[in-house]
Amino acid sequence: SLLFPITDFQTEVKRVLSEALVWVIQTAPGLLIDNRQEVQELMSSPRNFTGREDVFLHLAWAIGEYMSVTYDRRCTPDIISQYYEVVECLLYELSVSQLGRTETPMQHRARLTAVLMTALAKLATRCQDLMPRVLLCLTKITQQLPASGSQDAGDAVLLARAPILINLCRMPNVAPLLSSLPAETDDNSKLHQDQNNSSCLLLQLTEAVMKQGQQ
């Protein structure tokens, strides 16, 4: 309501602001701790998702990337658990609710779901008490997608991603790599959308190892 009622203009402003959000958090990761109540309230309901798809996408990625003691010593297991609760709840809502499949554009839902799944896995590697929960959550997501009867490409990607994350979390010597990936530079501020970033390469390597072990 604060922007001129021109659809393309509003879309472009939201896109620029959401991308600037990534740069701000990269510059000052502690903002996720200082403003955790506001961030958690925003992400606690899928109803806030409509019209803010890119903001949710970037926030979910930033939580998984920067909620670590590596970036801020105030990042305690309790704070990680709080963010985990919010991210897990949103992931469940998007995977099973009608909101996730009707009001939300399919491409946004699939992208956000994939980012949420990876963020949960990263958070769990930093708080081992969460590991059983993330394994259960990802298993449920894997089971729910086929039950929907959807054959779209987005669901196919999610069905491939979940088992890889599950097996990665079950590898004690490999799982910590998810939370210890090197920080990105400004030129790589969209790595959560890049299939060639180190996280995606790690998932691809894990998948290759899994397939080799099954042969």
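Start by selecting isoleucine 141 in this predicted model and show whatever it touches: leaving aside residues up to four places away in sequence, you should find Leu91, Tyr92, Ser95 and Met117. Isoleucine 141 itself sits in helix α8, residues 131-147. Is its side chain buried or exposed? Its relative accessibility is 1%, so isoleucine 141 counts as buried, the cut-off being under 20%. Now add valine 96 to the selection and draw a C-alpha to C-alpha distance: you'll get 8.8 Å, although valine 96 and isoleucine 141 are 45 residues apart in sequence.

Next stop, the salt bridges. There are five in the structure. Pick arginine 74 and aspartate 34, whose closest N and O atoms are 2.6 Å apart. Arginine 74 is in the loop between α4 and α5 (77-96) and aspartate 34 is in helix α2, so this salt bridge ties together parts 40 residues apart in sequence. Turn on the surface and you'll see some of each partner: arginine 74 is partly exposed at 40% relative accessible area, and aspartate 34 is partly exposed too, at 47%.

Keep arginine 74 selected and bring in aspartate 72. Those two also form a salt bridge, with 2.9 Å between the closest N and O atoms. Aspartate 72 is buried, with a relative accessible area of 14%. Through shared partners, Asp34, Asp72 and Arg74 make up one network.

Now jump to glutamate 65 and lysine 122. Their side chains meet in a salt bridge, 2.6 Å from N to O. Glutamate 65 belongs to helix α4 and lysine 122 to helix α7 (residues 106-126), so to speak a link between distant parts of the chain, 57 residues apart. Both ends are hidden away: glutamate 65 is buried at 4% relative accessible area, and lysine 122 counts as buried at 5%.

Time for some empty space. Select Gln10, Thr11, Lys14, Gly51 and Glu53, which lie nearest the centre of the second largest pocket, out of 12 lining residues. Two elements give two or more residues to that lining, α1 (7-27) and α4 (53-66), with α1 supplying the largest share, six residues. What is the lining made of? One residue is nonpolar, six are polar and five are charged. The volume of this pocket is about 200 Å³.

Finally, colour by pLDDT. The chain's mean is 75, and 66% of its residues reach 70 or more. Among the elements, helix α2 (residues 31-34) has the highest mean, 94, and helix α6 (residues 98-101) the lowest, 45. Then select residues 181-198, where pLDDT stays under 50; the model has 29 contacts beyond four places in sequence for this stretch.

Terms used:
Residues numbered from 1 in each chain as written. Predicted model: local features only at pLDDT ≥ 70, side-chain atom pairs only at ≥ 80, totals over all residues. Heavy atoms only, no water. 1 Å grid on protein atoms, 1.4 Å probe; cavity = no way out; pocket = protein on both sides within 12 Å on 5 of 7 lines; lining within 4 Å. Points joined across faces, edges and corners; volume = space filled by probe spheres on them. Helix = DSSP H or I, 4+ residues; strand = E, 2+ residues; numbered from the N terminus. Nonpolar A, V, L, I, M, F, W, Y, C, P; charged D, E, K, R; others polar. pLDDT = per-residue confidence, 0-100. Contact = heavy atoms within 4.5 Å. Buried < 20%, exposed > 50% of the residue type's maximum accessible area, 1.4 Å probe, protein only. Salt bridge = Lys/Arg side-chain N within 4 Å of Asp/Glu carboxyl O.
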